[in-house]
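These are my notes from a first look through one structure. I started with the strands and went on from there.

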Amino acid sequence: MKKSILITGSTDGIGKLAALKMAKDGHQLYLHGRNADKLNAVVAELKKETGHQEIEGFVVDFSDLNAVQHMAVEINEKVATLDVLINNAGVFKSAQPLAANGIDIRMVVNYFAPYLLTHRIIDKLKESKEARIINLSSAAQSSVSMQLLDGQIEVSDQEAYAQSKLALLLWSFYLAVQEPNIATVALNPGSLLNTNMVREAYGKFWSSADKGADIIYDLALITSAEEMKGQYFDNDRGEFGEAHPDAYDETLIKDVIEKTQRILEGF
Ligand SMILES: NC(=O)c1ccc[n+]([C@@H]2O[C@H](COP(=O)([O-])OP(=O)(O)OC[C@H]3O[C@@H](n4cnc5c(N)ncnc54)[C@H](OP(=O)(O)O)[C@@H]3O)[C@@H](O)[C@H]2O)c1
């Protein structure tokens with residue numbers, strides 16, 4: 001059945017490859033990127049390569065939460081139905097480690113932006129008969145510091161990335177409980193896949209980017225919604241698995257969510 005799918009960060013890496021697979025199937029696709037020229041080029045490339053024309057794009061830099069808020073408004077106005085949201089956009093290294101609001105750019109792009117976007121368009125997803133949200137976490141997961149969340153401290157690239165990916169995972173588990181009619185899953189797509197992010201961060205890779213795109217595709221379209229709901233899929237092992245111990249600490253999750261809501265109060 002044809003689905004309506006939004007993939008953030010689909011101008012490159014595993015998001016772009018997953019979009020290509022989905023375009024070949026003829027799904028209604030909404031791509032997203034931070035650079036208008038690159039996004040338009042990817043939309044044109046996918047249309048040409050697949051012959052499928054139902055592909056549209058949204059340009060928003062996720063380091064600017066005001067812009068994310070505007071993207072949500074635009075989606076609510078322009079997108080008739082939405083079945084699958086893939087929160088894939090992410091950053092590891094950045095020339096500018098802080099976003100405009102003074103908070104670490106990994107926390108803003110990898111955690112606050114998908115959190116804000118999802119909550120602002122969730123009613124659209126609730127209209128779908130089988131809604132899914134796929135949150136791109138990572139094997140890199142580190143306990144979330146409240147000081148990093150609200151921009152009081154700076155940490156290394158690796159630490160900021162790992163904390164942002166655990167924050168996303170904690171929220172993913174929380175959201176799955178809050179919204180039982182939406183199948184929300186957190187995903188480690190596989191470690192050191194061959195993408196720009198990994199080559200910039202580590203200067204090497206272990207596996208092809210297709211490994212990550214294939215599991216995104218499966219969770220978005222094939223895996224049973226009941227099976228994946230509220231789970232963490234670890235694609236290093238190729239199965240649902242155990243996340244960081246913090247992901248099972250309900251008090252801690254509540255604290256992180258409350259802090260997040262306070263930080264996002266102005267939006
Ligand atoms: N590759 C791995 O081994 C691996 C492992 C675990 C988790 N992940 C996760 O998988 C997701 C995709 O990563 P990838 O490896 O495919 O990386 P990638 O090739 O660097 O792609 C990242 C995507 O996010 C976009 N993006 C980056 N910063 C942004 C910003 N400020 N605003 C809006 N969009 C932004 C990029 O846009 P541009 O095209 O403009 O750069 C690109 O479309 C990320 O969430 C990553 O953390 C990847």
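**Strand β4 and its partners**

I began with the pairing of β1 and β4: strand β1 (residues 4–7) runs parallel to β4, and three bridges join the two. I looked up one position in this pairing and found Leu-6 opposite Leu-85 in β4. I note that the model is a predicted one.

Next I went to the pairing of β4 with strand β5 (residues 131–136), which is also parallel and has four bridges. Here Leu-85 has Ile-133 in β5 as its bridge partner. I then followed the chain from β4 to β5: the path goes through helix α4 (residues 105–126), and this β-α-β crossover is right-handed.

Which way do the residues of β4 point? I found Val-84 and Ile-86 pointing one way from strand β4 (residues 84–87), with Leu-85 and Asn-87 pointing the other way. I checked burial as well, and all of these residues are buried. The general rule I wrote beside this is that side chains in a regular strand alternate between the two faces of the sheet.

**The whole sheet**

I then listed the strand order. The sheet is open, has eight strands with mixed pairing, and reads β3-β2-β1-β4-β5-β6-β7-β8. At its edges I found β3 (55–59) and β8 (239–240), each of which pairs on one side only.

I looked at the β3 end more carefully. Five bridges hold strand β2 (residues 28–33) and β3 in a parallel pair, and in this pair Leu-31 has Gly-57 of β3 as its bridge partner. Between β2 and β3 the chain passes through helix α2 (residues 36–50), again in a right-handed β-α-β crossover.

**Asn-40**

I picked one residue of helix α2, Asn-40. Is Asn-40 buried, exposed or partly exposed? I entered Asn-40 as partly exposed, because it has 15 C-beta neighbours inside 10 Å. I also took a distance: the C-alpha atoms of Asn-40 and Gly-212 are separated by 23 Å, while the two residues are 172 apart along the chain.

**The nonpolar core**

The largest nonpolar core has 83 residues, and I found that Val-108 and Ile-216 touch the most other members. I listed the contacts of Ile-216, leaving out residues up to four places away in sequence: Ile-14, Ala-18, Ile-86, Ile-134 and Pro-189. Ile-86 had already come up in my entry on β4. In soluble globular proteins, nonpolar side chains tend to be buried together.

**Around the ligand**

How many residues surround the ligand? I got 31, and the closest are Gly-9, Gly-13, Phe-62, Gly-90 and Thr-195. The elements giving two or more residues to this shell are α1 (13–25) and α7 (196–202). By type, I sorted the shell into eleven nonpolar, 16 polar and four charged residues.

**Leu-192**

My last entry is on the loop between β6 (182–188) and α7, where Leu-192 lies. Leu-192 has a positive phi of about 50°, although it is not a glycine. Most residues other than glycine have a negative phi. I put Leu-192 down as partly exposed because 16 other C-beta atoms lie within 10 Å.

Note on methods
Residues numbered from 1 in each chain as written. Predicted model: local features only at pLDDT ≥ 70, side-chain atom pairs only at ≥ 80, totals over all residues. Buried ≥ 20, exposed ≤ 12 C-beta atoms within 10 Å, placed from the backbone. Pairing = 2+ DSSP bridges. Right-handed = clockwise from strand over helix to strand, strands pointing away. Near = placed C-beta within 6 Å. Nonpolar A, V, L, I, M, F, W, Y, C, P; charged D, E, K, R; others polar. Core = buried A, V, L, I, M, F, W, Y, C linked by C-beta atoms within 7 Å. Contact = placed C-beta atoms within 7 Å.
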